[in-house]
Structures are given as C-alpha cells and as structure tokens.
Amino acid sequence: MDTRVNSADTALRERARRVIPGGLWGHMNADRLPEGYPQYFARGEGCRLTDVDGRSFVDLMCAWGPIILGHCHPVAEAAAREQTARGDCMNGPGPVLVDLAETLVAMIPHAAWCQFGKNGTDATTGCVTIARAGTGRRKVLVARGAYHGAVPWCSPSVAGVTAEDRAHLLHFNYNDVDSIDAAVEAAGGDLAAIVVSAFRHDMGVAQEMPSLAFAWHVRSVCDSTGAALILDDVRAGFRLHLGGSWETLGVRPDLSAFSKAIGNGYALAAVTGREWLRDAATQVFSTGSFWCGAVAMAAAVATLGELRRVDAPAVLLGLGERLREGLAERAAFRRVRISQSGPAAMPTVLFEDDPEWKKGYAFCAEALRHGAYLHPKHNMFLSCAHTEADIDVVLEAADRGFQVVGR
Ligand code: PMP
C-alpha cells in the first residue's frame with residue numbers, strides 16, 4: 001500500500017480503484033509490493049525507470065522479463081518505428097514474419113518450425129494443444145507449483161476454474177525422477193506431454209536448477225512413450241542460452257514456448273517445434289486478432305540480432321555474478337543471512353528465517369529509497385543495459401537494506 005500523501009501515484013491509484021477491479025489485475029499490482037513501491041511509471045530508459053513522482057530507480061525487474069536489451073533500446077525501437085510507418089495490423093503478416101521464423105529456426109537447434117502469438121500463455125497453451133493433437137492423447141504432466149500462464153488449465157487461482165478444465169493434468173515434483181515415473185504410470189497409455197520450465201522458478205522459495213539426471217530422464221520418458229517434451233522457456237528464454245535454456249544441459253525439447261524477452265518489450269510469443277509435430281501444428285486452429293502484428297515481429301528480429309551480437313547470456317551472467325558476489329559480501333558484513341538461488345542472470349534473494357518475507361519486504365523498501373527496484377519474493381531480471389556501475393548502485397542500496405534487516 002502506498003502511504004505517500006499528495007503523490008501523483010497515490011492519486012492515480014485512487015482513481016483506478018473506482019474503475020478497475022482491485023486497482024489492477026495480476027502480477028503487476030503494486031499493492032502486493034513493499035511500502036513505497038510505485039504503481040505507475042512515467043518512463044523507462046536503459047536500466048532505469050522513473051515513476052510518476054519523478055523518482056528514478058535502477059530496475060532489476062525489467063518489466064518481469066520482457067526487457068532484455070534495456071528500456072527503449074534504440075535498435076529495437078528503430079525497427080519498430082520503421083515497421084509502424086509501413087503498417088502493423090493488416091490482413092496478413094508483413095514479410096518480417098518469414099524473417100523472424102527463419103531467424104528462430106536457425107538459432108534454436110530443436111526448432112524445425114515456429115508459430116507466433118502474443119503472450120506466454122498463448123505459447124504454453126499452444127504447445128499443450130499441439131502435443132495432444134500430435135499424439136492423439138490427453139494426459140499432460142506439470143510440476144507442482146509451476147506457473148505456465150493464466151487461463152483455466154494452468155492458472156494458479158481457482159476462481160472461475162472448473163475441475164474439468166484440469167481433468168487431464170497429472171503432477172510431479174521438479175527434479176524428482178520418481179515422481180515423474182509415478183505420474184507417467186498414472187497416465188497409462190494416454191500421455192501426451194511433459195511440461196517443464198527452464199528451472200524451478202516458483203515464487204517465494206529458493207530456485208532450483210534442473211539436475212542433469214532429471215532433464216535426461218524426462219527426455220528419455222518422452223522418447224520411450226512417444227509423448228512430447230515441452231519446455232516452457234517463457235521466463236528464461238534468451239537469458240541463459242540463445243538456442244533455448246536446456247541447451248546448457250544438452251537436452252532438447254520437442255516443443256518450446258517463448259515470449260517475454262523475444263521482442264524487448266513488444267508483445268510477442270513463439271512456439272517452436274520439431275518436425276514430427278509440424279502436421280499437428282498445421283491442424284490446430286491457432287489464431288488471434290493481433291497475432292500477425294508486424295511491429296512486434298520487427299522488434300523481435302532486431303532484438304534477437306542484438307542479443308547475438310553482444311552475446312547476451314554472457315553479458316547477463318557477468319553482471320549477475322558481480323551482483324551475487326557483492327550481495328554475499330555485504331550481507332556477511334552486516335551479519336544478515338541470505339540465500340541466493342537460480343541462475344545469476346535471474347537472481348533470487350531470500351532471507352533465512354523469513355517465512356513471511358518480512359525481512360525481504362523491509363530490505364526492498366529500504367533499497368527502493370536508495371534507488372534500486374528489487375523484488376522480495378520473485379526472481380529478478382538483469383538486462384544488457386545494466387553496467388557494472390549500475391550493479392554497484394544496486395549494491396549500495398542493498399547495503400542500506402541489509403543494515404535495516406540486521407538491526
Ligand atoms: N510461463 C512462465 C514460466 C512464465 O513466467 C509466464 C509469465 N510470468 C508465463 C508462462 C505466462 O506468460 P504471459 O504472462 O505472457 O501469458
């Protein structure tokens with residue numbers, strides 16, 4: 001809750017509460033964030049965000065993932081502007097559709113083809129539907145607690161969802177081979193797909209990288225049963241490896257869902273798939289009024305080119321390691337016990353003995369006052385626009401936060 005009086009942010013929230021249920025839908029509702037966090041932003045540039053009250057922050061959420069080159073990146077923006085001048089929403093796609101599809105098929109080793117949508121949920125839902133169409137089976141295995149989108153088959157909330165919407169889902173625990181085997185057995189001969197995320201990135205708990213044994217096991221189960229291995233790379237895609245996040249393990253999925261970072265903030269999602277699922281993808285009627293929009297595709301071609309040019313995964317890893325080491329040092333100096341988990345490029349910082357994230361909230365509220373926009377429970381995101389100097393600003397702000405927690 002924002003307690004600042006006479007702020008532009010407070011005034012906007014008051015107006016919004018009257019005309020928007022709950023003030024704002026979904027994950028960006030700032031009522032769930034620590035005290036003082038703004039809801040409304042005036043602008044973003046590089047790794048900085050400025051809120052409607054003129055406060056500026058080094059941004060470690062990057063719009064919760066879409067921003068990978070930096071806010072308003074000149075290369076992505078120029079491509080979007082040029083395409084805007086020619087047309088965006090037409091009776092069919094622009095030539096850039098083919099450029100983008102060729103770019104992804106060349107970049108992503110498992111991809112023989114791709115289709116596009118707008119949001120990550122379009123892509124994950126598309127993968128599940130294509131897997132069912134391609135196998136003629138119904139059961140889909142998903143990890144307990146994993147987030148794959150906000151429609152009835154996968155939404156974390158139960159409001160408005162019926163048991164039938166999820167009738168053919170079976171659950172396993174991430175990184176637990178035995179729980180995969182039990183769920184596969186329960187699926188009998190009806191297993192269409194196993195859905196995995198790039199790593200275990202559930203909110204509020206330590207993140208877990210996939211073990212090699214787990215990744216190879218789900219691959220071999222899919223091979224032996226004829227089910228599709230679906231990698232939900234919506235959140236991590238292009239941050240860990242440009243060919244898909246499980247390239248780092250040498251395990252290739254049959255279908256992948258991408259979105260978030262693909263167009264540096266322009267709304268785009270992609271499903272990529274192997275040859276054996278091409279016919280199924282042809283049969284499924286996938287579409288949306290805006291799914292052929294050319295501007296986001298032009299931004300994506302430019303973004304992917306830039307990510308390759310700068311070797312984005314290496315840049316993000318370097319920045320992430322600097323942040324991780326700096327946080328560890330400062331926390332130790334202030335005698336505060338933290339856990340840092342997940343990939344360095346997508347940092348998660350939690351406090352020990354903090355089951356209700358109270359320390360996390362106090363830490364973030366103080367860091368915000370000193371110019372760093374962090375998250376107390378969710379994994380964060382670095383961008384290629386962050387510099388070592390920006391990471392040092394974050395570390396100074398974090399140090400203030402650690403002082404408050406350590407008191
Ligand atoms: N899968 C994962 C792993 C995600 O993190 C998200 C979004 N947070 C989604 C799917 C859904 O994407 P969107 O919100 O764009 O529909």
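**Ligand site and cavities**

By class, the residues around the ligand come out as 2 nonpolar, 6 polar and 3 charged. One note before going on: this is a predicted model.

So who is in that shell? Along the sequence, we start with N119, G120 and T121, among others. Then come Y147, H148 and G149. H201 is in there too. The list ends with D232, V234, R235 and K260.

Now the polar contacts. Which ligand atom does D232 meet? A nitrogen atom, 2.7 Å from an N or O atom in the D232 side chain. T121 meets an oxygen atom of the ligand, with a polar side-chain atom at 2.5 Å. R235 also points to an oxygen atom of the ligand; there the distance from a polar side-chain atom is 2.8 Å.

How much of the ligand does the protein cover? On its own, the ligand has 390 Å² of accessible area, and the protein covers 86% of that.

Next, cavities. Searching the whole structure turns up 3 of them at 30 Å³ or more. The largest has a volume of about 50 Å³.

What lines that largest cavity? R13, A16 and R17 are part of the lining. G22, G23 and L24 belong to it as well. N29, D31, Q39 and Y40 complete the list. By class, this lining has 3 nonpolar, 4 polar and 3 charged residues.

To recap the ligand site: T121, D232 and R235 each place a polar side-chain atom by the ligand, at 2.5 Å, 2.7 Å and 2.8 Å respectively. That's it from me.

Terms used. Residues are numbered from 1 along each chain as its sequence is written. This is a predicted model: local features need pLDDT of at least 70, side-chain atom pairs count only at pLDDT 80 or more; totals for chains, interfaces and linings use all residues. Side-chain values use heavy atoms; hydrogens and water are left out. A residue is near a molecule or strand if one of its heavy atoms lies within 4 Å of it. A polar contact is a pair of N or O atoms within 3.5 Å; within protein, one must be able to donate a hydrogen and the other to accept it, and residues adjacent in sequence count only if both atoms are side-chain atoms. Accessible areas come from the Shrake-Rupley method with a 1.4 Å probe; for residues, only the protein chains shown count as cover. Ala, Val, Leu, Ile, Met, Phe, Trp, Tyr, Cys and Pro count as nonpolar, Asp, Glu, Lys and Arg as charged, and the others, Gly among them, as polar. On a 1 Å grid over the protein atoms alone, a cavity is a set of points where a 1.4 Å probe fits but cannot get out, and a pocket is an open set with protein on both sides within 12 Å along at least five of seven lines; lining residues have an atom within 4 Å of a point. Grid points are joined across faces, edges and corners, and a volume is the space filled by probe spheres set on the points.
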